[in-house]
Amino acid sequence: MADEPVADGEEVDWHLLEVLFALETEDVPEETFDRLVEAQWREVDALPPGTPEQRAGMLLLVGLLSAAAQRFADPARDWEAVAVARLATREPVDEEERPQLLAVLMTALLNWYSRTGDVPALLESIEAGRLGLAADGGADRWALQANLGHALTLAFRERGDVPLLDEAIGLLRLAVAGRPQDEPESALAPMQLGIALHLRFAAGGGEDLLTEAVASVRGAAAEPAADASTASVVLTNLCTIARTAFEHFGAADLLAESIRAGRTALALLPTSDSNRHDAAAALGTALLARYKSGGDDAALRQARSLLQEVCATSRPDHPGRVGWLTNFADCLRTWFTHTGHIDVLVQAGEVAAEAARSDLANGPDRAVLLSTLADVLLSVHVHNQDPEVLDEAVRLLREAVRVTAGSAAAAVYLEALARALDVVHTTTGERDALIEAIDLAHRAADAVADHRPARSRYLGGLGQVLDTGYRRIGDLTLLRRAVDAYSEALAITGADSPVLLSGAAGALSTLADRTGDVALLDQAVALYRSALAAVPQESPVHAAYMGSLGGALEKVHRATGDRSAEREAIEVMRTAVAKGDLLPPISRASLLYALAIMLSDTDEADTDPLVLDAAAGFARRAVNLLPATEVHSAAARHTLAVVLLAKHRLIGDPSSLTEANRHFVAAAEVATAPPVITFGARWRSASTSALLGADEHAVSQVEQAAVLLPEIAPEALAEADRLHLVTSTAGFPATALAVLARAGRPERAAELLEQARGILLTDAITSRSGVDELRAVRPDLADEVTRLRLVRTALNDPGEAPPAALRNRELWTVHWGRLLREVRALPGFDRFLVPPTYDELRAEATEGPIVYVAADEGAGLP
């Protein structure tokens, strides 16, 4: 610097040269800056007050203070820079100087805000920028437009005021159009435009805004940067915006671009750089998206490491910390789902709670925070079945839906709430929850009707809700609509989504079970094979997809007797079990008890107890993986009990019978299990208890099973669905008769036989049901019985959309219940449409005895 030429007679300003050197050089020590700041203060004080020379000295002082604050992380220097800039703008100034002074003040205020989150300072910076533009803006008007646009974007983040963001986008577009192409610093303008467009898309803008955002920040990344730190900032934003585009459009190349940008951004920065947290968090979130989309285990591990480091080392008041905590909580929840480690779930809850307590948690990203916290709570609920935790998750998601209503992000939260309500229905049996879940899933798909890739994703979510709804209540309309939703989704995206392929295959497989259409099974197997081929073999979820294929092949064997399908099913399932160690406990358990069922159903199991021992071993492993209260525990224990019962039948092993009975009882005690599983467990427990000579326990199990009969085929279902579900109770009357007869209670056996026979009583009302007698007393109520019966017949039409059909049948059930209560309140009608008691049956036997024939293999006992 000292060797630069100086004109003859011109005095060298060594202080100025040293200041410029300090501003341009990275490794100047802090002591040098302190000395230069003190010297510059003396220079300013020595200059005539209110002169252009003094103001120029103030601007140089602001630059020194701001540089020192950034390099040495000293907010006090930023505040001192603000004070000096304010002083400079308050002096009487020429109009030509005013834009530059206001621009410096705006920048100083933005620096202070970025370090402290001081919103009044941010608003003051916006006012300074607007005044600067009103005063013409000077030669660097584009820079003032860009900085003001950036400040307005920050204000939107604080307040969620969309007009501020629209103003920012307008200014940033002008800045991009007017910027000099040969200045590296000008590349920040298209980056800032991309950020604003990204936010505007999330706030309810169209897809064109997201496309423009990607193009804008991508263009900024392609331009030469002023330095490595600036290049990293641009690439970090490309990482974030490209990831969002991937999540919306579903294009895998966007996610690959996001991760490349994130890795490059992080590699450009030393560990001490203040921008490193942003880069690491962006890359971690992109890697988490990769795991969620394809099951990349290494990506999940790296995401967890990066996000954990960011949250552990960032300062508590950093404006980005709430988002980082939210993403880390989501990552931990995903890790729990992947590993089943409860300590990880506890940590996820703590991280999410910290984010929710933050003063920064009420900004535009509030919906993301609410949704992530809800996801954590749902995982906690899966673990401990706490209904209050589930209720809180639903409440948070309702709030997320409310704050995003009408925005482009609305579909995300509609689907999330639909999934949560699906859990409510699965857990509690609340039909209203299922109806609302289906309605919300429809709304989510309709919200993105104009964008086919996104619609495909939400149609898949709709298919899942409809499919699980069918599995819970047996409404065939739901299952057919699920198949339709999956088919439309696959028609949009093709065969490149293993999640969609597997979901569609599962729905088709279930429909084949219901209809007996073997061709549907063949389609399901083909889709499962495609899904498996789309998942990397090294992925932990590869085992889960293998298990699904194995299950479908076993169904083919059962339907057709194809022994090659059986052999392949068992081989595939054994491989899945061997590879499934990294799957969540529920998934591993499902593979184990599925293999147990397959082995116990082979011809070899009919003659070789060692095959049954192997099957029981797999089932025991499944039982040991699951908490006793977990809904899947009921299926695992029921499977183990069935295998042990088969062994008892084969070799007469009393210990196997005793253990089978114990597991049937345990399966029946799982409160969250579907009624059909609980009913089956009670039924089999009654049988095994009777064989063990525990007659009173057998009677108790029969009585408890009988209570569940109305839940097996509820009145809210269509007639065909009820008839199908009633077949699952075939054989129970014979068991009840055998158990009660052994216990010396034949009269109760007769009553239960009538109760079982009367499940479909409301579908076969005749004059003998008491309607004629009712008409003689209350013709209006008799007419209402007849009218509702006709309405019920009409509701069997499957052409109605599932939410409406379910809701209408539910309303019918409510009206029917009220009508029955009103009729039964009349004198002499207290047993209207109620199965007869033993005394009533005896009264009918005036012309001879009533004989019940209840045929079942083994006289009702296994």
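This is a guided tour of a predicted model, moving from the whole chain to a few helices and side chains.

Before selecting anything, note that residues are numbered from 1 along each chain as its sequence is written. Local features need pLDDT of at least 70 and side-chain atom pairs count only at pLDDT 80 or more, while totals for chains, interfaces and linings use all residues, and side-chain values use heavy atoms, with hydrogens and water left out.

**The whole chain**

Start with a cartoon view of the protein chain, which has 40 helices and 0 strands; helices (H or I, at least four residues) and strands (E, at least two) are DSSP runs, numbered from the N terminus. Of the 862 residues in the chain, buried residues make up 51%, where buried means under 20% relative accessible area, exposed over 50% and partly exposed in between, with a 1.4 Å probe and protein chains only. Switching to a surface, the accessible area comes to about 37,700 Å², and 54% of that belongs to carbon and sulfur atoms; the areas come from the Shrake-Rupley method with a 1.4 Å probe, and for residues only the protein chains shown count as cover. Among contacts between residues at least 6 apart in sequence, 62% join residues at least 24 apart, a contact being heavy atoms within 4.5 Å.

**Helix H14 and two cysteines**

Next, select residues 297-313, which form helix H14. At 1.5 Å a residue its 17 residues should span 24 Å, and the end C-alpha atoms are 25 Å apart, which agrees; the expected span is 1.5 Å times one less than the number of residues. Colour the buried residues of H14, namely Asp297, Ala299, Leu300, Ala303, Leu306, Leu307, Val310 and Cys311, and then show helix H12 (252-267), helix H13 (276-294) and helix H15 (321-339), against which those buried residues pack. As background to this pattern, an α-helix has 3.6 residues a turn, so residues three or four places apart point the same way.

Keep Cys311 on screen and add Cys331. A search of the whole structure finds 0 disulfides, a disulfide being a pair of cysteine sulfur atoms within 2.5 Å. Cysteine 311 has the sulfur of cysteine 331 as its nearest cysteine sulfur, 9.7 Å away. Cysteine 311 counts as buried at 8% relative accessibility, and cysteine 331 is buried too, with a relative accessible area of 0%.

**Two buried positions on the way**

Move to helix H20 (residues 431-447) and pick out leucine 440, which counts as buried at 3% relative accessibility. Beyond its neighbours within four places in sequence, leucine 440 is in contact with Leu414, Leu417, Ala418 and Leu421. A distance label between the C-alpha atoms of leucine 440 and arginine 419 should read 9.1 Å, for residues that are 21 apart in sequence.

Then go to threonine 510 in helix H23 (residues 498-515), a residue that counts as buried at 8% relative accessibility. With neighbours within four places in sequence again left aside, the contacts of threonine 510 are Asp467, Tyr470, Arg471, Leu479 and Lys555.

**Helix H30**

Select residues 654-668 for helix H30, whose 15 residues reach 21 Å from first C-alpha to last, close to the 21 Å expected at 1.5 Å a residue. Its buried residues are Ser656, Leu657, Glu659, Ala660, Asn661, His663, Phe664, Ala667 and Ala668, and what covers them includes helix H28 (609-625), helix H29 (631-651) and helix H31 (675-691). Zoom in on serine 656, buried at 4% relative accessibility; outside its neighbours within four places in sequence, serine 656 is in contact with Leu644, Lys647 and His648.

**The aromatic cluster**

Finally, show the aromatic side chains. A search of the whole structure finds 4 aromatic pairs; rings of Phe, Tyr and Trp (its six-membered ring) pair if their centres lie within 6.5 Å, with planes under 30 degrees apart counted as stacked, over 60 as edge-to-face and the rest as tilted. The rings of tryptophan 683 and phenylalanine 732 have their centres 6.0 Å apart and their planes at 80°, so this pair is edge-to-face. Tryptophan 683 lies in helix H31 and phenylalanine 732 in helix H35 (residues 732-742), so the pair ties together parts 49 residues apart in sequence. Tryptophan 683 is buried, with a relative accessible area of 6%, and phenylalanine 732 counts as buried at 1%.

Add Phe679 to the selection, since Phe679, Trp683 and Phe732 form one aromatic cluster. To end, show arginine 684, which lies over the face of tryptophan 683 at 4.5 Å from the ring centre; a charge sits over a ring if NZ of Lys or CZ of Arg is within 6 Å of the ring centre and within 35 degrees of the ring normal.
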